[in-house]
Amino acid sequence: MVSNLRYISSSQIEEIFFNEAVLPKFESLMAQGNGYLEVRNSLEESYRTGSRGMFVAGVFNQYSNQEVIELANFPDLLATSIKVNGQIVDLKLNVAQGYSRKIDYKTGETIRHFYWSDGKGLDLEITFKRFVSMANQHLIVNQISLQANQACQLEIESGINGQITNSGSQHFEEGEKRYHQDQYLQLVTETSNTRIPISLNCVHRLNQKSTKRITMNRRQLKEMHSVNLSANQCLDYTKYCLVFTGRDIDYTENSAESYLREMPLEMLSEVSQKSYEALFQASKEKWSAIWQNAPIKITAADFKDELMLNFARYHLHAMSPVHDSRMNIGAKGMTGEGYKGHTFWDTEIFILPYFTYNYPQSAKHLIEYRIQSLAAAQKNAQANGFQGAQYPWESAWLTDGEVTPKFGGIDIVSGKPTPVLTGDLEHHVTGDVVFGAAEYISITGDASFKAEILPMVIQCAIFWSTRAAWNETKQRYEINEVIGPDEYTEHVNNNAYTNYMAKYTIDLALEYIHADSDMAEMMISKSAYQRLMAVSSQLYLPIPNETQVIPQDDTFLSKPIIDLRKYLETEEVLTILGDYNMSQINNLQVLKQADVVLLLLLFPEKFSKEVKLANWNYYYPKTLHDSSLSKSSHCNLALMLDEVETAYELFRSNFVIDLSDRNMNSSNDGVHAASLGGIWQNVILGFGGLRIHENQLSLTPKLPKNWDKLEYMVKFKQQKINVVITHNQVALSCDDNNSEIELVFMNQKVKFQDTITLYY
Ligand code: BGC
């Protein structure tokens with residue numbers, strides 16, 4: 001099938017013809033957001049295959065006891081039906097000419113355009129423009145411009161449609177529908193279980209005279225405008241929408257009436273006096289400031305490398321609720337229903353570095369989310385028979401605790417749903433959370449934040465010390481019955497990644513305790529402290545065997561090895577589940593994603609290059625990359641091993657995860673947030689060779705053949721340093737030429753002021 005996805009430039013993609021079958025992919029790739037809310041790019045016309053969606057950070061609901069809490073799909077504000085002389089504009093019925101839908105990732109705007117013909121000589125040119133404002137987080141604006149070669153009668157109907165569900169689960173009550181001042185449509189309702197109020201508001205402005213009719217149905221409120229359009233006259237139909245919720249920082253129950261009902265109307269009156277262009281300009285300026293804060297440019301043989309990066313960065317900003325530390329990033333952001341808006345370890349290990357290096361204040365908020373959910377993590381630990389704090393594998397609102405669903409896809413052998421065991425067994429997240437927070441301090445030098453993460457670090461360490469069990473025979477502590485990052489091995493003992501993360505957490509807690517014993521004394525009992533000391537010194541850490549391979553867990557290396565070519569050759573993921581069920585896969589040496597590879601990457605100093613290479617050679621061929629988290633980690637480890645071209649191939653294959661024009665179903669339920677963070681890590685920490693660790697800046701660049709130049713900026717100790725890397729040299733320049741910068745360049749200490757060119 002010919003693809004309708006075209007890559008225009010390093011910041012734009014285009015849908016070049018209408019194909020109903022692949023609408024969900026475009027809805028995700030072109031989703032628009034500002035961190036507060038995100039809207040899928042569903043078309044104004046309604047098509048059967050589309051999956052309309054708008055999500056607002058923090059608005060979770062549980063439909064019934066049989067389902068887990070999830071980010072609720074909001075009433076739709078953008079569906080609009082257009083009739084021309086009574087005939088509906090539907091691209092399935094009348095083929096459009098000159099169809100194009102584009103997104104510009106630098107500005108966040110989408111523009112769709114086509115010519116529609118009634119088959120009897122009337123040609124109508126329609127342009128749809130849309131953005132979610134970065135300048136006013138509550139605002140969405142949609143403009144439809146129509147012009148025909150003959151006089152015609154247009155009927156345009158739009159409004160608020162609360163009949164939207166999350167795959168059938170209706171999260172909102174009927175609510176109160178109002179038509180105010182003969183122009184403003186308002187729906188105030190609330191989630192059915194968590195009782196979070198929401199307020200949706202819109203107004204339609206037309207530049208031509210119209211007559212209108214209002215209709216109210218179940219969960220629906222619509223306004224229909226009839227316009228008699230003369231030949232070649234242009235109708236601009238502009239829809240201004242505002243969204244508010246009871247989870248907003250400014251919301252208080254005392255002023256709910258005003259916040260949800262009166263204030264939105266006032267704001268609507270104000271914004272709707274401005275043109276689409278003026279409001280868009282304000283949003284564009286905010287986007288521009290975001291890009292300018294951390295400019296990155298790749299000069300490459302293929303512009304798609306930079307496109308992938310810009311795509312990733314755009315979505316990270318559109319999906320991340322960094323304005324509010326009570327919220328975090330979902331595994332698909334808010335671009336779709338996938339993973340129910342839940343937060344995973346994806347945040348700390350894959351996404352957080354992007355914010356830490358470039359937008360530290362945002363990173364801080366993401367960490368504060370974990371600090372604020374400490375009480376829930378403590379409850380979770382207790383419920384599972386441990387002490388301290390056990391972070392949930394999947395989390396939603398701060399107080400929700402563990403929200404991982406209990407069942408997943410089909411078990412091909414039994415025909416029943418496969419049990420999901422990650423919530424019960426995938427414990428490494430409790431180390432990952434601490435790792436992310438400590439890396440933030442190490443990278444930013446924000447030492448004052450230590451006091452804020454201290455209780456969390458100590459509680460997580462206590463969890464690990466009680467989670468570890470003493471093995472009398474082997475005279476060591478072990479961590480048994482877990483799932484490591486490689487989720488194709490369940491119920492394993494001593495997963496290397498997990499054990500090292502546990503030891504890391506305990507040692508960090510001990511370091512903090514020893515640095516400030518007075519403070520720590522108030523936070524930890526003597527016996528808990530003693531247990532930390534004991535587990536720290538006697539926790540079993542799998543070490544390289546005689547062939548330098550670190551056993552992924554106690555039994556992995558003894559399992560059968562199978563031919564994986566069939567699964568590796570396809571771009572589709574999880575195809576192995578069509579042949580084997582989970583208990584069969586558990587007994588094979590096959591990995592879903594990076595496990596030991598990730599361990600080596602996160603703790604590079606702990607392992608020699610020889611060990612890294614041996615493990616790369618062992619695990620890489622056995623890894624199916626059935627998770628979008630896998631390739632970016634492999635790419636960066638390959639770079640540590642100087643396998644630059646293999647790394648480049650891995651980097652390029654990140655493209656397949658979302659942006660591929662071959663696999664048109666890969667992003668149907670949302671784009672992959674961790675992969676987006678991984679793409680940035682590949683460019684800057686991988687090829688760009690940047691590392692800041694314990695206040696030490698180092699650069700070990702490795703450009704692939706296909707790149708001529710990589711330019712980026714790094715902020716280090718209040719300084720902005722511009723880095724320009726080519727194949728044999730690195731030029732550094734610093735904004736403030738009065739202070740001296742010290743860095744490690746390709747393992748050599750270098751000092752400079754102002755500018756320096758280094759050769760390699
Ligand atoms: C991966 C996990 C990841 C989750 C959410 C799963 O497929 O195996 O590591 O956290 O997706 O992205």
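In the predicted model, helix α6, spanning residues 360-372, packs against helix α9, spanning residues 429-444. The angle between the two is about 150°, and their axes are 11 Å apart. Angles over 145 degrees count as roughly antiparallel, and α6 and α9 are therefore roughly antiparallel to each other. The crossing of this pair, α6 and α9, is left-handed.

A second helix pair is formed by α17 (residues 609-619) and α18 (residues 630-640). Here the packing angle is about 135°, with a separation of 10 Å between the axes. Because this angle falls outside the ranges counted as roughly parallel, roughly antiparallel or roughly perpendicular, α17 and α18 are classed as oblique to each other. The crossing of α17 and α18 is left-handed.

The ligand is surrounded by A331, Y339, F344, W345, D346, W393, E487, K592, Q593, S627 and L629. Sorted by class, this shell comprises 6 nonpolar, 2 polar and 3 charged residues. Oxygen atoms of the ligand are found at short range from side-chain N or O atoms of several shell members, and a cut-off of 3.5 Å defines a polar contact. For D346, a polar side-chain atom lies 2.6 Å from an oxygen atom of the ligand. In the case of W345, an N or O atom of the side chain is 2.9 Å from a ligand oxygen. For K592, the distance between a side-chain N or O atom and an oxygen atom of the ligand is 2.9 Å. Taken alone, the ligand exposes 310 Å², of which the protein buries 93%.

Backbone geometry was also examined in two loops. Most residues other than glycine have a negative phi. K717, which is not a glycine, has a positive phi, near 45°. K717 is located in the loop that links β29 (707-716) with β30 (719-725). M746 likewise is not a glycine and has a positive phi, of about 45°. The position of M746 is in the loop between β32 (741-745) and β33 (748-752).

Definitions and conventions:
Residues numbered from 1 in each chain as written. Predicted model: local features only at pLDDT ≥ 70, side-chain atom pairs only at ≥ 80, totals over all residues. Heavy atoms only, no water. Near = heavy atom within 4 Å. Polar contact = N/O pair within 3.5 Å; in protein donor to acceptor, adjacent residues only side chain to side chain. Areas by Shrake-Rupley, 256 points an atom, 1.4 Å probe, with all protein chains shown as cover. Nonpolar A, V, L, I, M, F, W, Y, C, P; charged D, E, K, R; others polar. Axes fitted to C-alpha atoms, helices over the stretch in contact; angles between N-to-C directions. Helix = DSSP H or I, 4+ residues; strand = E, 2+ residues; numbered from the N terminus. Parallel < 35°, antiparallel > 145°, perpendicular 65-115°, else oblique. Left-handed = near helix turned anticlockwise from the far one by under 90°.
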